[in-house]
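Okay, thanks for coming, everyone. I'll put the structure up and then walk you through it.

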Amino acid sequence: RSISNYLFTGNGPSGICLSYLLSGYKPYFDTATVHPNPILYRKLQEAKHIPITEQAMEYLSEGLEGRSRNPVAVLFDTLLHPNADFGYDFPPVLKWRKDKHQQIPHLVLGKGTPGGAWHAMEGSMLTVSLGIWMELPGVNYRDLTNGLRR
Ligand SMILES: Cc1cc2nc3c(=O)[nH]c(=O)nc-3n(C[C@H](O)[C@H](O)[C@H](O)COP(=O)(O)OP(=O)(O)OC[C@H]3O[C@@H](n4cnc5c(N)ncnc54)[C@H](O)[C@@H]3O)c2cc1C
């Protein structure tokens, strides 16, 4: 395969998430969960068999408010951490499924080990976000940090 068939990304959080999507993982509404926003919840139920990334995200994000001006970012924030801005700790309403027919071969290039800017930070550096908000897709932050003291 020619090298031009691959996509190249950095290996920070953005690159890791993009690589996850290119590997065929798709976000679906998890029907075992309830989103606290009744309008969004109804919309999610309408197309539960279609990956969120293949739905009309403009329609899904209509009326949502959040910390970003990017409606897709606000939508994914509320799907991953519903009402987090109000201090709630609702579970994510997304589940990730791998579609092996939709993998896009790619290489993730980075100058150092995966993790991006976080590798350059001192151990004493605190995040601005809550730890739980720093989760990567498909990784449960609490499982990962269980038993760790810091
Ligand atoms: C002190 C501090 C605190 C922060 N706290 C938070 C927080 O609480 N919550 C939050 O969401 N965000 C926080 N951020 C921001 C966070 O660091 C970024 O949102 C995140 O790291 C961005 O990820 P990224 O993948 O886009 O970029 P980066 O993390 O910068 O990763 C990009 C990677 O690509 C590599 N790269 C770039 N160009 C090339 C190239 N040409 N060839 C090979 N490799 C290349 C770089 O070496 C790097 O490893 C904080 C940032 C700082 C500095």
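**Walking through the model**

Let's start at the ligand: the residues of the shell around it split into 6 nonpolar, 10 polar and 1 charged. In total, 17 residues surround the ligand, and the closest are Gly10, Gly12, Ser14, Gly116 and Thr127. Before going on, keep in mind that this is a predicted model.

Okay, zooming out. The chain has 5 helices and 4 strands. If you read along the sequence, you get the pattern β-α-β-α-α-α-β-β-α. Put the C-alpha atoms in a box along the principal axes and you need roughly 45 × 45 × 30 Å. Of the 150 residues in the chain, just 9% count as buried. For contacts between residues at least 6 apart in sequence, 60% join residues that are at least 24 apart.

How is the chain divided into domains? There's domain 1, made of 1-23 + 104-150, and there's domain 2, which covers 36-91. Taken over C-alpha atoms, the centres of domain 1 and domain 2 are 22 Å apart.

Now, the core. Which residues make up the largest nonpolar core? It has 8 residues in all: Phe29, Leu40, Leu44, Leu60, Leu75, Phe76, Leu79 and Val93. Two helices, α2 (38-46) and α4 (71-80), each supply at least two of this core's residues. The one that gives the most is α4, with 3 residues. As a general reminder, in soluble globular proteins nonpolar side chains tend to be buried together.

Let's stay on α4 for a minute. Its buried residues are Leu75, Phe76, Thr78 and Leu79. Look down the axis of α4 and those buried residues fall within an arc of 165°, so they line one face of the helix. The textbook background is that an α-helix has 3.6 residues a turn, so residues three or four places apart point the same way. And what do the buried residues of α4 pack against? They pack against α2, α3 (57-61) and β3.

Next up, the loop between α3 and α4, where I've picked out two residues. One of them is Gly66, which sits in that loop. Gly66 has 16 C-beta neighbours inside 10 Å, so it counts as partly exposed; the cut-off for exposed is 12 or fewer, and for buried it's 20 or more. Leaving aside neighbours within four places in sequence, Gly66 is in contact with Val74, Asp77, Thr78 and Asp85. Take Asp77 from that list: Gly66 and Asp77 are 11 residues apart in sequence, and their C-alpha atoms are 8.1 Å apart in space.

The other one is Ser68, also found in the loop between α3 and α4. Is Ser68 buried or exposed? Ser68 is exposed, because it has 12 other C-beta atoms within 10 Å. Not counting residues up to four places away in sequence, Ser68 touches Ala73 and Val74.

Going past α4, you reach Asn83, in the loop between α4 and β3. For the backbone-angle fans: phi of Asn83 is near 55°, which is a positive value in a residue other than glycine. For context, most residues other than glycine have a negative phi. Asn83 is partly exposed, because there are 13 other C-beta atoms within 10 Å.

On to His101, placed in the loop between β3 (94-98) and β4 (106-108). Why does His101 count as exposed? Because His101 has 6 other C-beta atoms within 10 Å, and the cut-off for exposed is 12 or fewer. His101 and Ser23 are 78 residues apart in sequence, yet C-alpha to C-alpha they're 9.6 Å apart in space.

Last stop: Tyr141, which is in helix α5 (residues 141-145). With 14 other C-beta atoms within 10 Å, Tyr141 is partly exposed. Setting aside residues up to four places away in sequence, Tyr141 touches Gly131, Ile132, Met134 and Glu135. Tyr141 and Leu107 are 34 residues apart along the chain, and their C-alpha atoms are separated by 25 Å.

That's the tour, so over to you for questions.

Definitions and conventions
Residues are numbered from 1 along each chain as its sequence is written. This is a predicted model: local features need pLDDT of at least 70, side-chain atom pairs count only at pLDDT 80 or more; totals for chains, interfaces and linings use all residues. A residue is near a molecule or strand if its C-beta atom, placed from the backbone, lies within 6 Å of it. Ala, Val, Leu, Ile, Met, Phe, Trp, Tyr, Cys and Pro count as nonpolar, Asp, Glu, Lys and Arg as charged, and the others, Gly among them, as polar. Domain bounds come from an automatic or database domain assignment. A nonpolar core is a set of buried Ala, Val, Leu, Ile, Met, Phe, Trp, Tyr and Cys residues joined through C-beta atoms within 7 Å. The arc is that of the directions from the helix axis to the C-beta atoms. Two residues are in contact if their C-beta atoms, placed from the backbone, lie within 7 Å.
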